[in-house]
Amino acid sequence: MPTLRSRRRSPLPVIAAALLLPLAACSSSDGDEASEGGRLRVVMAFPPAQAMSPYGDDAVTLSRLAVVEGLTTLDENGAPQPALATSWKRENDTTWTFTLRDAVFQDGATVDAEAVVRSLTAAGKASPLPRVLSDTRLTATAEGADTVRIVTAHADPLLPQRLANPSLTILSAGAYKGGKVDPAGHATGPFTLTDVKGAVAATLERNADYWGGKAKAPGVDVTFVADGTARANALRTNAVDVAEYVPISQASLLGDGFVHEFPSARTNGLSLNTDHGVFADPAMRAAAREAIDSKALVDGVYEGRADTARGLLGPGVPWAAKDRTDPTGRAEAAPKDEVAKTKQIVLATYTNRPELPEVATIVQQQLTKRGFTVKQVVRDYAQLEADALAGKYDAFIQARNTLLDTADPVSYLASDFTCDGSFNISQLCDPRVDAAVAEAASLAGTEERHRAEMTAEAAVLGADALVPLVHERFVQGYDGDRVEGVALDPMERTLITADTRVG
């Protein structure tokens, strides 16, 4: 098998040519105009997986491109701030009221309470259910034209943060036709999605009626390219203005002027199938955990641009370290001779984050040294997600932002590790974990909730449902002397904003 590093270094002219074709097809201006303050040219790592539906990971893409908005947004500390709602009030443990701002949708319809109720109700009925709703249910009703009452199934102190999630975006009635949800032209953000060319490209135009003022760029031409080297090379050759997720291997080649590194709340982990197969045995999961050498991954793959694994929550969640407790209930690891008797395991990961295939190769080597027989499956994320969620792999390497859903890890813990979790790749169903997560979710006090979340982390780690590999640092690519207003967001919800422009 060739090494991942050799595969990543594909012939650059071929890759660049493949990238430039879709860029030319979706751009309404040439490169000179873009460099003089015209349209933004952006290359993103993840192509649409659900036809830009707001109920899956495409919602994050829409948020990062400043197309969609919710009732609230989050500041740099994860605290809720006004967006389509100007204010809110908690009436009791389960009831809140939100007052709406004067705004219009991109199709000219008015943002009113009826529209908010429609959108939140549709999200609650979506299948699969958005991850942010995996641990709660919302009932929204209109209280006049500009007031919405939201009742939760149980006490939910994180509701204002929850409503900032991109999957709970507010769309006009025109988005809900034909049994599908189409955000194109029906959202409220500073940019309007006007065209999507499958998994290849998208076109955005400035929303002239945006309540927050007109965007500084007239539009955005987006290309989706999973190959990280191609994204970096497009930036290097001035084919794009912004390159999402620059590969570690390319960062030093681009130079400091193009590389913008910042801490993240992302943990890369090895999810083990606890339901069936080899890793249904806790002793085998413990053996896999003992096989992993995090420092070798940090040094060998990330070239020092990552942190060694400390738990589910890494340095991007600064309060976690002081409240961390030792994992509880861990099984004794099976010896090597017992491991060697097991059948072949399937280890899967995706190409959209270019380091992950190389991580998979090293993890395969570490597991093999421990006695496992390992087969790799490496594909585009869109081709893997459904099978991963269905438990068709023995082990799955993923990069997961632990604050993505509510800016508090309780939603991540609920969606990824509880019996009814909507993103439970490890297929874990452990009453101890469910109880610990439920306890954390019920607590209104921030410090008290954080301590309870670390108790839940200890239970998950004790079950060896996920073996933390590394804690990522993000690298976004753009020319700092020419491009302004790119958001460096540890929670990954924003990238392009109304203030982003090419100088």
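# A first look at the predicted model

Cys429 counts as exposed, at 51% relative accessibility. That label means over 50% relative accessible area, while buried means under 20% and partly exposed lies in between (1.4 Å probe, protein chains only). This is a predicted model, so local features need pLDDT of at least 70 and side-chain atom pairs count only at pLDDT 80 or more, though totals for chains, interfaces and linings use all residues. Residues are numbered from 1 along each chain as its sequence is written, and side-chain values use heavy atoms, with hydrogens and water left out.

Cys429 has a partner: a disulfide joins Cys419 to Cys429, with 2.0 Å from S to S. It is the one disulfide that the structure holds, where the term covers a pair of cysteine sulfur atoms within 2.5 Å. The link is right-handed, with 95 degrees about the S-S bond. Both cysteines sit in the loop between α15 (409-417) and α16 (431-441), 10 residues apart.

Now for the whole chain. You'll find 17 helices and 21 strands in it; these are DSSP runs numbered from the N terminus, helices being H or I with at least four residues and strands E with at least two. The radius of gyration is 22 Å, close to the 23 Å that the globule rule gives for 503 residues, so the chain is as compact as a globular protein of that length. That radius is taken over C-alpha atoms, and the rule is 2.2 Å times the number of residues to the power 0.38. Along its principal axes, the C-alpha trace spans about 70 × 60 × 40 Å. Of the 503 residues, 60% count as buried.

Gly477 is one of the buried ones, and it's found in strand β19 (residues 466-478). Skipping neighbours within four places in sequence, Gly477 is in contact (heavy atoms within 4.5 Å) with residues including Leu235, Val246 and Phe258. Gly255 is 222 residues away from Gly477 in sequence, yet 9.9 Å from it in space, C-alpha to C-alpha.

Here's how a few residues compare with the solvent-facing labels above.

| Residue | Relative accessible area | Label |
|---|---|---|
| Cys419 | 31% | partly exposed |
| Gly477 | 0% | buried |
| Ala51 | 67% | exposed |
| Ala66 | 8% | buried |

The two alanines have backbone quirks. Phi is near 55 degrees for Ala51, which lies in the loop between β1 (40-44) and α4 (58-64). For Ala66, phi is near 60 degrees, and Ala66 lies in the loop between α4 and β2. Another quirk is the cis peptide bond from Ser127 to Pro128, with omega near 0 degrees. Most residues other than glycine have a negative phi, and most peptide bonds are trans.

Finally, the pockets. A pocket is an open set of points on a 1 Å grid over the protein atoms alone, where a 1.4 Å probe fits and protein lies on both sides within 12 Å along at least five of seven lines; lining residues have an atom within 4 Å of a point. Points are joined across faces, edges and corners, and volume is the space filled by probe spheres set on them. The largest pocket holds about 570 Å³. Among its 27 lining residues, Ser63, Val68, Glu69, Thr73 and Thr494 are the closest to its centre. Strand β2 (residues 72-74) gives the largest share of that lining, three residues. The second largest pocket holds about 480 Å³, and 25 residues line it, with Asn77, Gly78, Trp319, Leu403 and Ala407 the closest to its centre.
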